[in-house]
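Reader: Could you walk me through this one before I go back to the bench? I would like to start with the overall layout and then ask about details.

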Amino acid sequence: MKNEQTEQSTLPESAGYKVFSIVRSVMVYILAAAIIIGALLFASSKNPSKSLFGFRYYTVLTPSMEPVYSPGDMVFVKLCGANDISENDIITFNPSEDSEAYLTHRVTQKLEDYQGTGVTCFRTKGDANDAEDSFLIDEKRVIGVVKFHVPFLGYIIRFIQLRWYFIIPIIVLIAVFFYLMQLYFDRSEGESNAVEDIGEISKNNQGTIPEKETSENIKE
């Protein structure tokens, strides 16, 4: 009688391993996206005349536009001219030609051909401020209209820009963590398969009668 042969069995992946795989994939994608976005924004921020797909981005630093925008939010501004701006739009502008600062306030009044100069000016106000801004903004100092914002993203991008040398060690630590977790789950799965194989072999040996013993029983 020939001994039965059993195929090596494989255990299904554990629930912990599946969760780890999902978390690892999500973290890798998020990290990759953050690095790419941060790099693009960092590159476009070096020159105030640059834009990314026709957009500029700015980090909100003051609470003047709360509750619409809060400090740390990032606003994305679509570059446009005065003709594309209407009252109640939220615009980003440079309040003074001698300053590198930018403000993001709401347009309360649009003054076309201001005092016969042919220049369009805007009166603005922060939603959280009690009064309108004390100055008018001419069209040459307007960057564009805010189209959307991402809460707290400004803090993250600002950290990447100012503390970029911290990012590399963080990436290395995350990579090492996932590598060690991969080794742990691979080892656990290997041990489980070994135990299962030993159990299968023991079970098969118990259910098999040696050929010599069978022949003796037949002669008797």
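Author: Read along the sequence, the protein follows the pattern α-β-β-β-β-β-β-β-α-α-α, with four helices and seven strands in total. Helices (H or I, at least four residues) and strands (E, at least two) are DSSP runs, numbered from the N terminus. Please keep in mind that this is a predicted model, in which local features need pLDDT of at least 70 and side-chain atom pairs count only at pLDDT 80 or more, while totals for chains, interfaces and linings use all residues. Residues are numbered from 1 along each chain as its sequence is written, and side-chain values use heavy atoms, with hydrogens and water left out.

Reader: Okay, in what order do the strands sit in the sheet?

Author: The seven strands form an open sheet in the order E1-E2-E7-E3-E4-E5-E6, with antiparallel pairing; two strands count as paired if DSSP finds at least two bridges between them. E1 and strand E6 (136-138) are the edge strands, each pairing on one side only. Ignoring direction, neighbouring strands of this sheet are turned by 50° against each other on average, where the axes are lines fitted to C-alpha atoms, for helices over the stretch in contact, and angles run from 0 to 180 degrees between N-to-C directions.

Reader: And E3, how many bridges join it to E4?

Author: Four bridges join E3 to E4, and these two strands run antiparallel; Ile-90, for instance, has Arg-106 in E4 as its bridge partner. E3 also pairs with E7 in the antiparallel sense, over three bridges, and Ile-91 stands opposite Val-145 in E7.

Reader: Which residues cover the two faces of E3?

Author: Ile-90 and Thr-92 lie on one side and Ile-91 and Phe-93 on the other, and all of them are buried, so both faces are covered. Buried means under 20% relative accessible area, exposed means over 50%, and partly exposed is in between (1.4 Å probe, protein chains only). Across the 220 residues of the protein, 25% count as buried.

Reader: Switching topic, how many aromatic pairs are there?

Author: The structure holds three aromatic pairs. Rings of Phe, Tyr and Trp (its six-membered ring) pair if their centres lie within 6.5 Å, and planes under 30 degrees apart count as stacked, over 60 as edge-to-face and the rest as tilted. Phe-55 and Phe-148 have ring centres 6.0 Å apart and planes at 55°, so this pair is tilted. That pair links distant parts of the chain, with Phe-55 in strand E1 (residues 55-59) and Phe-148 in strand E7 (residues 142-150), 93 residues apart.

Reader: Are those two rings buried or exposed?

Author: Neither quite: Phe-55, at 22% relative accessibility, counts as partly exposed, and Phe-148, at 40%, counts as partly exposed as well.

Reader: What about Tyr-58 and Tyr-102?

Author: Tyr-58 and Tyr-102 form a tilted aromatic pair, 5.1 Å centre to centre with 45° between the planes. Tyr-58 belongs to strand E1, whereas Tyr-102 lies in the loop between strand E3 (90-93) and strand E4 (103-111), 44 residues apart. Tyr-58 is buried, with a relative accessible area of 12%, while Tyr-102 counts as partly exposed at 31% relative accessibility.

Reader: Which rings make up a cluster?

Author: Ring pairs link Phe-55, Phe-76 and Phe-148 into a cluster.
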